Amino acid sequence: MNRQKNIAVVGQGVMGLTCAEKLLQRGFTVEIFSKEDFLETTSLSAGAYWWPHRAYPEERVSKWAATTYDVYFRMREDPDSGVSFQKHYRFCIDPDDSSYALQIVDEWEKIDGAEHGIPCHEAFLVTLPVIEVPVFMARLREQVLENGATILIHEFGSPTELFPRFDMVVNCTGVWARDFADDPEVFPIRGQVVRASLPEGLQASTRLYQKNDNFTLVLPRSGDVILGGTAQEGDWSREVSEQDTDTILKRCTELVPQIAECEVLETKVGLRAGRPEIRLELELSGPDQPVIHNYGHGGGGYTVAWGCADEVAELATRHFAA
Ligand SMILES: Cc1cc2nc3c(=O)[nH]c(=O)nc-3n(C[C@H](O)[C@H](O)[C@H](O)COP(=O)(O)OP(=O)(O)OC[C@H]3O[C@@H](n4cnc5c(N)ncnc54)[C@H](O)[C@@H]3O)c2cc1C
C-alpha cells in the first residue's frame, strides 16, 4: 500500500537522506529535492562525532540519540561504513547542559582536568562514534539511490508547491526552514572548521567546551584531522574567515601541541540550524497536504539522525494507515 504513496523529501543533507532511507524501507516511493549540490550542504561541512550539541529538548533528543548510537555501534563492524569508535577527552570549562549523553554511551569515566593541565568544571574520557562524513554520506546517498529514490536539484519556496503532485512532503531543509516553512524560530549557528594533515600517532579526540562562539576540537579521522571551530549564532556568512582560521589553529595547538606539525588542507563553513527545540511533527496544511517537518537539529544532526528518521517513517506510515 505504501508503494502507491509518493513522498517528496526536501533536502539531501544527513536528515533528508536518513529519512529517505527509512521511508524506502517501509515501501514508500521517494523523490528527493535539494537546492544545493550534495557537497555544498551543511552536512558535508561537519566533523563529525556523536554528541548532542545545541540540540533540544533533552527528553526527545536522548531517545533519538540512543537509537542513532545503536545504529553506529552496528556500523562500526563494517570498515567501509565511515563510522568508527574513538576515545574522546571532553574538558568542560563551563557547566555542560549536554552531559546527560553520558547515560547513553557504553564506556566513559570521569577524569581530573587539572591532571591533564586543563583545570575545568568537569572532565570525561568517553568512547564515542566518529562519523567520517565524506565516506558515510557518499555511501548513504548511494544506498538511497540504489533502493529506488531519485535526487533532483530544485529549489521550492514552500511545501505547498509540491502538492498535489506528491501525497506527502518531508521537510529536511535545515537552516533554510526559516523561509521554506516560514519559521522565525530558526536561526543560523555558523560553523567554521579546518581540515589538516594527520599528525603521526594522534588517535584520541579532544574537546574543550565553553559557552561562547568558539570551541576547541581536535578530531582525528582515518587520513586527516578536523580542527574546530566556531558556533556563531545569528551569522549567515558562508565565507571562510581567515581570522577564524588563525584562532582555530592557535587554540588547537595550545590544546594539542602536535597540531603545530599539521599542514592545512581545507577550510569549511556550514550553517547549523539553531532552534529552541527540534521541530519533528506532522502538520496538515490542508486535508491532502501532510507535511512532516524535521529540522532545527543545531550541532547534533549526526547524533540524532537515525532516531529522527525512524520517527518520521512511523508518522508517515500511521498517517496513511488512518
Ligand atoms: C562545522 C560543523 C560541525 C558539526 N559537527 C557536528 C558533530 O560533530 N556532530 C553532529 O551530530 N552534528 C554536527 N554538526 C551539525 C550537523 O552537521 C547538522 O545538524 C546536520 O548536518 C543538519 O543536517 P540537515 O540535513 O538538517 O541540513 P543540511 O545539511 O543543511 O541540508 C539541508 C538540505 O535542504 C536543502 N534545501 C534547503 N532549502 C531548500 C529549498 N527551499 N528547496 C530545496 N532544497 C532546499 C539544501 O539544499 C540541503 O540539501 C556540525 C555542523 C557544522 C556546520
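Begin with the shell around the ligand in this predicted model. Select α1 (14-25), β2 (29-34), β8 (187-197), β13 (264-274) and α6: each of these elements supplies at least two residues of that shell. Next, display the whole shell, in which 39 residues surround the ligand. The closest are G13, G174, G191, G270 and G301. Colouring the shell by class separates 15 nonpolar, 20 polar and four charged residues.

Keep α6 (301-321) on display, as it leads to the next stop. Select helix α2, which runs over residues 58-75. This helix has 18 residues, and the distance from its first C-alpha to its last is 25 Å, close to the 26 Å expected at 1.5 Å a residue. Which residues of α2 are buried? They are V61, W64, A65, T68, Y69 and Y72. These residues lie on the same side of α2 because they cover an arc of only 150° around the axis. Turn the view to the other side of α2, where E59 and R74 are exposed. To see what covers the buried residues of α2, add β3 (83-92), β5 (122-131) and α6, which are included in that cover.

Now move to strand β7, residues 168-171. Show the side chains here: M168 and V170 point one way from the strand, while V169 and N171 point the other way. Are these residues buried or exposed? All are buried.

Add strand β1, residues 6-10, which runs parallel to β7 and is joined to it by four bridges. One pair to pick out is A8 with V169, its bridge partner in β7. Then add strand β15, residues 290-295. β15 and β7 also run parallel, and three bridges join them. Here the residue to select is I292, the bridge partner in β15 of V170.

The last stop is P290, which is found in strand β15. P290 counts as buried because 22 other C-beta atoms lie within 10 Å, where the cut-off for a buried residue is 20 or more. Which residues is P290 in contact with, leaving aside its neighbours within four places in sequence? The contacts are M168, L282, L284 and H319. Of these, M168 belongs to β7, the strand visited above. Finally, draw a distance from P290 to I7: the two are 283 residues apart in sequence, yet 10.0 Å apart in space, C-alpha to C-alpha.

Notes:
Residues are numbered from 1 along each chain as its sequence is written. This is a predicted model: local features need pLDDT of at least 70, side-chain atom pairs count only at pLDDT 80 or more; totals for chains, interfaces and linings use all residues. The expected span of a helix is 1.5 Å times one less than its number of residues. A residue is buried if 20 or more other C-beta atoms lie within 10 Å of its own, exposed if 12 or fewer, and partly exposed in between; C-beta atoms are placed from the backbone. The arc is that of the directions from the helix axis to the C-beta atoms. Two residues are in contact if their C-beta atoms, placed from the backbone, lie within 7 Å. A residue is near a molecule or strand if its C-beta atom, placed from the backbone, lies within 6 Å of it. Ala, Val, Leu, Ile, Met, Phe, Trp, Tyr, Cys and Pro count as nonpolar, Asp, Glu, Lys and Arg as charged, and the others, Gly among them, as polar. Two strands pair if DSSP finds at least two bridges between them.
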